[in-house]
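I opened the model today to look up how its helices and strands are placed, and I note below what I found.

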Amino acid sequence: MKRTALIGHLNTEHENQIVTLQGWVNRRRDLGGLIFLELRDRSGIIQVQVEPESAAFAEADQLRAEYVAEIEGQFQLRPESQRKGGLADYEVIASRVKVLNTAKTPPFELDKGESVAEDIRLKYRYLDLRRPEMQRALMLRSRAVAAITEFLDTEGFIQVETPMLTKSTPEGARDFLVPSRLNPGEFYALPQSPQLFKQLLMIAGYDRYYQLARCFRDEDLRADRQPDFTQLDMEMSFVEQDDVLEVQERLMAHVFKKVLNVELPLPFPRISYFDAMDRYGSDKPDLRFDSAFVDVTELFRGGEFKAFASAQAVKVLVAPELSRKQIDELERVAKQNGAGGLAWLKRDGEGFSGGISKFVGSVAAQLLEQTGVPQGATLLFAAGEWKKAVTALGAVRLALRDLFDLTTGGPQFHISWVMDFPQLEYDEDRAAWTYMHHPFTAPHPEDVALFGTERQGEIRAQAYDLVLNGFEVGGGSIRIHSPEVQTRMFAAIGFTEEQAREKFGFFMDALEYGTPPHGGIAWGFDRLIMVMSGAASIREVIAFPKNNRGADLMALAPSPVEAPQLAELGVATLPAVERA
RNA sequence: GGUCCGGUAGUGUAGCGGUUAGCAUAUCUGCCUGUCACGCAGAAGGUCGCGGGUUCAAAUCCCGUCCGGACCGCCA
């Protein structure tokens, strides 16, 4: 059964040799006397010719789509008129064909997989994964892992595995819980991230750590979010913010170079959280195109248009000429993202028409000058409380991107740092301050004094996100290594000493035993691979993903379990009516 | 929890008050020796997601429900 080579590795050196190949029947073209087969493995596809007088003919005649076959024959150039470049210049003239296994007729045609409903693909994922597109994506992912390992190893990072059955770490998301049979009524939590463990490794003196860590968050899914996902988790001791960023930039550039042969320009641009929000309406702005907002708050202040006159912020986005239908659609986007509405104007000569034009007569000239809106183009406005206004207009900006392909002409990949996040955020619903990143994020040293004062909302965190084409592909921070600062942080978010002890006392203890200054980052690895491979969904780069409802449509998980299994765990389920 | 879009042979789609529910492809049969999305001829294959309603008549309209997807909330 020894095969000569993977199909894609056949080359001129094999020319006119007898080769043995194994794979799946990709396609069969039966010309009556003559049979052509396409044999596929993970590396490529080769045409096989079976002649009627060949001893292989009877067996080859049995082959159908997705049968597993072994082919022995001469690897040779095709007739000159039929060469198509690469492996398609060659074919194998079969001398022996062996059916290694039959296959049921596939539920969908593999080479039309792109247009097959995703739930069908997921139900038969093992067939979907045979498609060259899926194999390319998973092989790209594998190459990225190899590049990362190679780089981090060279840079002195040590790979350490942290537990999957652990105690809930305060990352903010819901935990997946695992009942403990040996400790009835008690539960492990699956890690949302290895955050505390990697910090403990720094305290333990491992200096530089990394791990491709499986993480779990029990929240609703999205096209770029799965309940179980992979982080590239890293932590470094005796570093300041710039040290972390510098290593990260070289690592990312190395991965892009190795995997895609793309050169990322270094250093990566940095933008503050405030600027990202203020100019692009997002903390993960897609900077492959500009379309920054223009601030016209002051222009309208106290003016005749009441909706803008006293607004905290009035932002405007220059859009191409829009139809009424397009404006309505964009307004729907704005409203879904928290805006009351979407005011608009069309440039008409030296003034404006449509929308709110009857209110802007007195400021028309300044509006033209400040926005530079071209003839016929549209201005889109969001006004109100600053964060709400910019967020809504940010969503409109992305809708315009998709509507008008605004990224064409820009770089294929744009990566940047978003920096200087606020340390604390006021939660209106709970009427309390909370952490924006996580409670171990170090504040900017100059801002520590603001803890507990009225201005604690101004404290800047030493936190940073990596943003690629509008996706957050990484996030990290310098951590608090001083027990005093940690205590002030807990106090600021309303944790009492007792509450902090109860939640992560072991970590509070550890902090007091000689914690080095340290910081790190975690990459959303699936998301990064999604963007690198140009996929529209994270599911395209995960072998066995969950659907929108968190279900594995192939394995049919989650599923009920038998009563004895629950009893052993000391767990009972509520009837559906009581769950609400 | 919410908004929007969708569900018709295995797959992908058309049909949007009266059709024998159409087309493509896959499948099966026959023919075919240079095909490469092989071709040609034929066959089989459908509870139009499910339930209810409106109507003389429902794939088509209405309500509910289930399922799938995108987004908001949520996810630091």
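**Helices on the sheet**

I began with helix α5 (residues 195–203), which lies across β9, β10 and β22 (518–524) and runs at about 20° to β10. Helices (H or I, at least four residues) and strands (E, at least two) are DSSP runs, numbered from the N terminus; axes are lines fitted to C-alpha atoms, for helices over the stretch in contact (heavy atoms within 4.5 Å), and angles run from 0 to 180 degrees between N-to-C directions. I then found helix α7 (residues 273–280) packed on the sheet, where α7 touches β11 and β17 (415–419) and makes about 80° with the direction of β11.

I must keep in mind that this is a predicted model, in which local features need pLDDT of at least 70, side-chain atom pairs count only at pLDDT 80 or more, and totals for chains, interfaces and linings use all residues. Residues are numbered from 1 along each chain as its sequence is written, chains are lettered from A and ligands numbered from 1 in the order in which they are written, and side-chain values use heavy atoms, with hydrogens and water left out.

**Helix α11**

I looked up which residues of α11 (residues 364–371) are buried (under 20% relative accessible area, 1.4 Å probe, protein chains only), and they are Ala364, Leu367, Leu368 and Thr371. Seen down the axis of α11, these fall within an arc of 100° (taken from the directions from the helix axis to the C-beta atoms), so they line one face of the helix. On the other side of α11, I noted Ala365 and Glu369 as exposed (over 50%). Gly372 follows α11 with a positive phi, near 65°.
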